[in-house]
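These are my notebook entries on a structure that I looked up piece by piece. I set down each item in the order in which I turned to it.

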Protein chains: 2
Amino acid sequence: MAGTGIKTQDWAAFRAEAQRMLEAALDQMQEAAERPWQPVPGDIDARYAIRAEAQGPEQTVDRIIADVLPYHGGNIHPRFWGWVQGSGLASDLIAALAAAAVNANMGGRDHGANYMERAVVDWTRAKMGMPEGASGILVTGTSQATVIACQAARLRVMKDLRKQGQGDVRLTAYAGEGVHNATLKAVELLGIGSDNLRKVPLVGGQMDCAALARIVAEDRAAGALPFLVVGTAGSVDLGLFDDLNALADAAAALGLWLHVDGAFGAWTRIADEPYRSLSDGIGRADSIALDFHKWMYVGYDCGMALLRNEDEHRAAFAARPSYLEGAERGLAGGEPWFCDYGIDLSRGNRALKVWTALETYGEAAFCEAITGNCALAAAMAAEVEAQPLMALGAPVVSNICVFTARCDLAPETQSQVNAEIAQTLQESGEAVFSTTRMDGRVMLRAAITNHRSRPADVDAAIAAVAREAARV
Amino acid sequence: MAGTGIKTQDWAAFRAEAQRMLEAALDQMQEAAERPWQPVPGDIDARYAIRAEAQGPEQTVDRIIADVLPYHGGNIHPRFWGWVQGSGLASDLIAALAAAAVNANMGGRDHGANYMERAVVDWTRAKMGMPEGASGILVTGTSQATVIACQAARLRVMKDLRKQGQGDVRLTAYAGEGVHNATLKAVELLGIGSDNLRKVPLVGGQMDCAALARIVAEDRAAGALPFLVVGTAGSVDLGLFDDLNALADAAAALGLWLHVDGAFGAWTRIADEPYRSLSDGIGRADSIALDFHKWMYVGYDCGMALLRNEDEHRAAFAARPSYLEGAERGLAGGEPWFCDYGIDLSRGNRALKVWTALETYGEAAFCEAITGNCALAAAMAAEVEAQPLMALGAPVVSNICVFTARCDLAPETQSQVNAEIAQTLQESGEAVFSTTRMDGRVMLRAAITNHRSRPADVDAAIAAVAREAARV
């Protein structure tokens with residue numbers, strides 16, 4: 001095809017197609033409320049099969065508009081509250097264009113994007129209340145950040161780990177019941193083993209620090225090397241928060257590294273009360289994992305590992321062979337290089353979308369949206385309690401509301417009804433709840449990390465649940 | 001500021017700013033040759049500091065145009081050959097817009113983007129010559145893919161690893177001298193220890209399979225559990241390729257998992273001869289790590305782990321707690337979920353930029369560009385050899401040319417001169433070489449993974465090196 005080779009663009013034609021793509025993308029965002037999730041068509045594999053021949057930009061944009069934009073995951077819709085998913089920002093379009101044009105490899109070297117990442121890290125550090133000089137790196141998400149934090153924690157107690165491996169030292173880590181799967185996957189990946197992630201009972205929804213001390217003492221007595229306790233700021237099922245000040249005290253007393261999983265809940269730091277206090281003490285952690293793509297609403301993927309001590313961060317990852325040697329000037333300058341702070345040597349530009357969001361909308365808009373999401377979860381809980389046959393699974397603490405649509409039925413039947421309602425409302429496009437299990441029952445679960453949600457959306461969704469529940 | 005809240009967009013105003021951003025991004029790509037890397041200004045930290053107040057889209061786009069676009073990393077310039085960096089595609093602009101509008105979380109669930117990722121995985125699998133049914137996942141890059149592959153390899157020999165950890169089993173892995181640092185970092189991360197990554201000598205630039213067998217036997221005799229051999233398709237320093245068929249035979253005979261680091265070199269699979277043959281046998285590997293953001297030119301970040309056996313892939317990572325249970329219909333359907341194939345639960349949309357590039361330009365354009373890059377490296381070598389005071393560090397095998405600008409000087413002085421020339425040409429904007437060490441000397445190194453490079457660029461760059469070398 002003429003004009004579609006990689007080297008020789010017909011720029012005028014290409015420009016027109018890019019403009020058409022931009023308009024369609026803007027339409028998709030502007031009309032988010034009219035475009036709920038819909039099932040993918042049965043011939044989707046055929047539509048997406050990669051063709052041998054160049055199609056050119058016009059055909060490609062046609063196909064994206066027809067076959068890609070309509071089959072999104074639903075999470076940009078104002079009544080999407082499934083799992084804990086972000087809802088995306090219009091500013092992402094601006095950031096995405098600039099990022100594609102710059103095409104930064106943020107593993108190192110001396111160019112603007114790395115300075116911007118440092119600005120984003122420093123802004124986040126300050127919001128979390130970590131001291132100046134604390135270290136951080138943008139990653140795909142909390143799962144990666146958890147791996148980075150766990151490895152740094154392990155290095156603190158095993159200085160020769162990188163060379164010698166863990167060997168026969170039995171490291172043990174601690175987390176509350178209900179800890180997110182990311183921590184489990186991290187200890188599996190690192191070869192520590194999930195048997196050595198001890199689950200500490202909760203009291204009032206928070207890790208029982210007395211029980212923690214008891215289990216640590218037992219493990220020490222049995223020859224293990226306790227090294228890490230993982231606190232939770234926003235549990236995935238219920239949005240619960242550990243008492244992070246108490247945990248920081250306990251970690252210090254027990255000689256453990258305190259890591260906080262703050263995937264979404266860390267952002268209560270910039271919410272109004274009573275939600276801000278939930279994460280009090282988070283800045284005392286040795287490390288925090290958090291996401292921007294959930295409750296800061298920026299596009300996927302974007303998370304961060306924050307580590308209190310930069311030397312410990314570097315000790316876990318810094319390594320630069322001769323082909324990556326730095327220089328005092330020129331493009332090989334710009335120390336430090338981010339490849340020394342994590343797993344990846346080549347790194348995409350996540351800083352720009354965070355920076356663009358904060359610059360465009362300002363921190364106050366995020367404070368308002370996050371606080372508003374918690375208020376909506378509380379409003380949803382009130383509506384649930386006002387319905388005679390519905391019941392909450394647990395009190396709403398932050399932004400997550402778990403409930404059953406028919407508390408009058410046997411547990412098994414409740415599970416069927418709730419699962420059925422979730423699927424029916426997903427398919428009708430009315431609302432997206434996900435499900436979870438509580439007290440032996442499948443329940444409906446709304447995690448509100450959606451800046452497009454309004455009170456009327458909650459009203460409509462609960463009315464739809466009530467309608468479906470009445471059909472049983 | 002009116003109209004800049006997250007919820008209430010002034011869409012007409014926002015649309016105008018997004019259009020302005022698009023035009024600036026297109027200009028940046030169209031004028032790539034006129035915009036080389038330049039040093040970042042001294043006040044860059046102040047320019048990027050995040051402000052408390054909303055700036056709105058107009059001010060934000062102004063700042064991006066003034067302070068972000070000019071300070072790129074140079075890798076979109078036609079005379080950029082530093083490290084091994086990709087050069088970006090205009091199609092990335094189209095893909096980035098659609099990806100931002102859809103904002104897919106590709107950890108799971110039933111929506112289009114996951115089907116597209118499966119299409120991209122399957123296309124890549126076929127190109128690499130892996131059998132149908134092989135498994136894959138898009139990741140940030142080869143570093144992540146290497147971690148995934150190493151963990152799956154470890155699970156093959158230690159079925160209970162996820163629960164019990166590695167314990168006192170001494171696993172040993174094998175790779176040729178010159179293996180990329182990504183493998184080293186992976187065995188460190190997994191707690192295996194870099195002492196247990198044994199370096200096998202090379203013969204003629206390829207791993208010596210007889211030596212491999214000897215070292216494996218010694219390790220076995222000493223009580224270790226050899227589990228993994230890492231082959232290289234495109235070494236980072238010189239672009240060398242192991243004999244992958246011989247390695248596959250050796251791995252089978254020795255009972256080792258064969259992983260191939262094909263970060264860039266894997267793409268010789270779609271090049272013309274004599275380059276295609278370099279990666280013969282790669283499809284016989286148990287796993288391959290490769291990048292799209294290097295030699296497929298798509299924007300950062302984008303790599304892939306391919307695993308021959310899907311069961312082994314899942315055995316290393318699959319884990320779905322109750323809040324991620326699948327369903328037969330609705331949004332929670334769409335098995336399998338990609339979160340069961342890697343570390344990340346939340347995942348960005350990397351498939352769309354690969355798909356858009358292949359659809360827009362067609363595979364033949366990539367074949368031509370990759371083959372052309374190798375031809376340019378050969379041409380550069382010829383020019384180096386034609387210069388009386390220059391000398392190659394090694395013969396050019398694929399797309400990497402390493403040379404010294406002044407072979408007449410003492411090694412120490414050569415190092416200074418070569419490092420100085422690299423920096424001077426970076427700062428002048430004439431060309432970007434990186435450096436590496438060879439035979440005790442710092443040398444200039446060009447890794448040509450740049451679809452914008454033409455023969456005239458090589459001529460100009462070598463002339464500039466000669467000019468600077470003559471000044472000494």
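The entries below cover the interface, a lysine, the salt bridges and the backbone.

**Entry 1. The interface between the chains**

I began by noting that this is a predicted model. I then looked up how chain A and chain B meet. I found 158 residues of chain A in contact with 158 residues of chain B. The size of an interface is often given as the accessible area lost when the parts come together. I therefore took down that value: about 13600 Å² is buried between chain A and chain B, and carbon and sulfur atoms give 59% of this area. On the side of chain A, I noted that Ile6(A), Ile50(A) and Tyr323(A) supply 6% of the area buried against chain B, more than any other three residues.

I next looked up the polar side of the interface. The rule finds 18 salt bridges between chain A and chain B. I recorded 73 residue pairs in polar contact across the interface, with both residues at pLDDT 80 or more. Helix H1 of chain A, residues 11-30, gives the most to the side of chain A that touches chain B, with 14 residues. By class, I listed 72 nonpolar, 52 polar and 34 charged residues on that side of chain A.

**Entry 2. A buried lysine**

I turned to Lys185(B), which I located in helix H8 of chain B, residues 181-189. What is the nearest side chain of opposite charge to Lys185(B)? I found Asp340(A), at 5.2 Å. Lys185(B) is buried and has no salt bridge. Because a salt bridge requires the nitrogen and the carboxyl oxygen to be within 4 Å, I did not count this pair as one.

I then looked for another polar partner. A polar atom of the side chain of Lys185(B) lies 2.8 Å from the backbone oxygen of Gly342(A). Leaving aside residues up to four places away in sequence, I noted that Lys185(B) touches Phe317(A), Cys339(A), Gly342(A) and Ile343(A).

**Entry 3. Salt bridges**

I searched the whole structure and found 62 salt bridges over all chains. I copied out several of them.

I first took Glu359(B) and Arg51(A), whose closest N and O atoms are 3.8 Å apart. Glu359(B) lies in helix H12 of chain B, residues 351-361, and Arg51(A) in the loop between helix H2 (44-48) and H3 of chain A, so the pair joins two chains. Is Glu359(B) buried or exposed? I read 0% relative accessibility for Glu359(B), which counts as buried. Arg51(A), with a relative accessible area of 39%, is partly exposed.

Another bridge across the interface links the side chains of Arg329(A) and Glu420(B), at 2.9 Å from N to O.

Within chain A, I noted the salt bridge of Glu312(A) and Arg156(A), at 2.8 Å from N to O. This pair links distant parts of the chain, with Glu312(A) in helix H11 (residues 310-317) and Arg156(A) in helix H6 (residues 142-157), 156 residues apart. Glu312(A) is buried at 17% relative accessible area, while Arg156(A) is partly exposed at 28%.

Within chain B, I noted Glu430(B) and Arg467(B), with their closest N and O atoms 2.7 Å apart. Glu430(B) lies in the loop between helix H14 (411-428) and strand S12 (434-438), and Arg467(B) in helix H15 (residues 455-470), so the bridge ties together parts that are 37 residues apart in sequence. Glu430(B) is partly exposed at 22%, and Arg467(B) is partly exposed at 34%. I also recorded one network of salt bridges with shared partners, which joins Asp301(A), Arg350(A), Asp301(B) and Arg350(B).

**Entry 4. Backbone geometry**

Most residues other than glycine have a negative phi, and most peptide bonds are trans. I looked for departures from both.

Trp83(A) is not a glycine, yet has a positive phi of about 50°. I placed Trp83(A) in the loop between helix H3 (56-68) and helix H4 (91-102) of chain A, and noted that Trp83(A) is buried at 6% relative accessible area. Trp83(B) has a positive phi near 50° and is buried at 5%.

In chain B, I found a cis peptide bond from Glu273(B) to Pro274(B), with omega near 10°. Pro274(B) sits in the loop between strand S7 (257-261) and strand S8 (287-291). The peptide bond from Tyr300(B) to Asp301(B) is also cis, with omega near -15°. I placed Asp301(B) in the loop between S8 and strand S9 (303-307) of chain B.

Methods
Residues numbered from 1 in each chain as written. Chains lettered and ligands numbered in written order. Predicted model: local features only at pLDDT ≥ 70, side-chain atom pairs only at ≥ 80, totals over all residues. Heavy atoms only, no water. Helix = DSSP H or I, 4+ residues; strand = E, 2+ residues; numbered from the N terminus. Buried < 20%, exposed > 50% of the residue type's maximum accessible area, 1.4 Å probe, protein only. Lys, Arg positive; Asp, Glu negative; His and termini not counted. Polar contact = N/O pair within 3.5 Å; in protein donor to acceptor, adjacent residues only side chain to side chain. Contact = heavy atoms within 4.5 Å. Buried area = accessible area lost by both parts, 1.4 Å probe. Nonpolar A, V, L, I, M, F, W, Y, C, P; charged D, E, K, R; others polar.
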